[in-house]
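Reader: I'd like to go through this model piece by piece. Could you start with the vocabulary?

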Amino acid sequence: MTGSPTVRVIDCHVARETAEGWQYLVLQRAAGHLDAGHWRVVTGKIEAGETAWQAALRELREETTLVPTRLLAVPYVNQFYEWQHDRINAIPVFVAVVEANAILELDAEHVAHRWFEVDDAIAHLGWPGQREGLRAAEMLLSGGDHPAGALEVNWRAEERG
């Protein structure tokens, strides 16, 4: 193997709070794109000069047009081995909280979206790391081991400079 894990992509779960509890967004990939037909979370590559959390915000806007009210760094890192390049990808995981009534528009990479409670969302996700990342996001939002405020990305202040 060529060295330490590479951080080049992000996973961003999207959550909204309803009277029944948290719901999570899953997106179905369009034909002609990687993982066509599969359900996934917001994902994407980190661009040059961009932090992982900035990539999460950008990818969220590009793929769904959503702007979150909060962005949290989930205390979980998705990982997978990419045999074609002999590298381990370490994927920072985020959860973006949006308004319950937020309207989204999908980009050309996706053909459908659904909001699910956590167990149904997990059942739709094909990648084990995305399922585990969603479990960790749910624990974070539901007041698990880590206080959510401690892991909140203060992105509005960072964008102002």
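Author: Sure: buried means under 20% relative accessible area, exposed means over 50%, and partly exposed is in between, using a 1.4 Å probe and protein chains only. This is a predicted model, so keep in mind that local features need pLDDT of at least 70, side-chain atom pairs count only at pLDDT 80 or more, and totals for chains, interfaces and linings use all residues. Residues are numbered from 1 along each chain as its sequence is written, and side-chain values use heavy atoms, with hydrogens and water left out.

Reader: With those cut-offs, what does Val67 count as?

Author: Val67 is in the loop between α1 and β5; helices (H or I, at least four residues) and strands (E, at least two) are DSSP runs, numbered from the N terminus. C-alpha to C-alpha, Val67 is 25 Å from Trp127, with their positions 60 residues apart in sequence. The relative accessibility of Val67 is 48%, so Val67 counts as partly exposed.

Reader: And what is the phi of Thr65, roughly?

Author: Thr65 is in the loop between α1 and β5, and follows α1. With a relative accessible area of 42%, Thr65 is partly exposed. Most residues other than glycine have a negative phi. Thr65 goes positive, with phi near 65 degrees.

Reader: Then where is Asp86, which also has a phi I'd like to hear about?

Author: The phi of Asp86 is positive too, near 50 degrees, in a residue other than glycine. At 26% relative accessibility, Asp86 is partly exposed. As for its place, Asp86 is in the loop between β5 and β6 (87–98).

Reader: How many of the 13 residues of α1 are buried?

Author: Start with its length: the expected span of a helix is 1.5 Å times one less than its number of residues. For the 13 residues of α1 that gives 18 Å, and the end C-alpha atoms are 18 Å apart, so the two agree. Buried residues in α1 include Trp53, Leu57, Arg58 and Glu59. The helix is mostly covered, and the buried count is 10.

Reader: For α3, what arc do the buried residues fall within?

Author: Helix α3 covers residues 128–141, and its 14 residues reach 20 Å from first to last C-alpha, close to the 20 Å expected. Among its buried residues are Gly133, Leu134, Ala137 and Leu141. Take the directions from the helix axis to the C-beta atoms, which define the arc. Seen down the axis, the buried residues line one face of α3, because they fall within an arc of 165 degrees.

Reader: Which residue just after α3 has a positive phi?

Author: The phi in question is about 80 degrees. The residue is Gly143.

Reader: Now the largest pocket: which element gives the most to its lining?

Author: On a 1 Å grid over the protein atoms alone, a cavity is a set of points where a 1.4 Å probe fits but cannot get out, while a pocket is an open set with protein on both sides within 12 Å along at least five of seven lines; lining residues have an atom within 4 Å of a point. The largest pocket holds about 700 Å³, where grid points are joined across faces, edges and corners and the volume is the space filled by probe spheres set on the points. Two or more lining residues come from each of β1 (9–18), β4 (42–45), α1 (52–64), β5 (70–82) and α3. With 5 residues, the biggest contribution is from β5.

Reader: How many residues of that lining are charged?

Author: There are 25 lining residues, and the closest to the pocket centre are Arg8, Val9, Leu34, Arg40 and Phe80. Ala, Val, Leu, Ile, Met, Phe, Trp, Tyr, Cys and Pro count as nonpolar, Asp, Glu, Lys and Arg as charged, and the others, Gly among them, as polar. The split is 8 nonpolar, 7 polar and, for charged, 10.

Reader: Which side chain does the side chain of Gln23 make a polar contact with?

Author: Gln23 is in strand β2 (residues 21–29), and is buried because its relative accessible area is 15%. A polar contact is a pair of N or O atoms within 3.5 Å; within protein, one must be able to donate a hydrogen and the other to accept it, and residues adjacent in sequence count only if both atoms are side-chain atoms. At 2.7 Å, the partner is Arg16.

Reader: Last one: how far apart in space are Arg29 and His110?

Author: Arg29 is also in β2, and is buried at 7% relative accessible area. In sequence, Arg29 and His110 are 81 residues apart. C-alpha to C-alpha, the distance is 4.4 Å.
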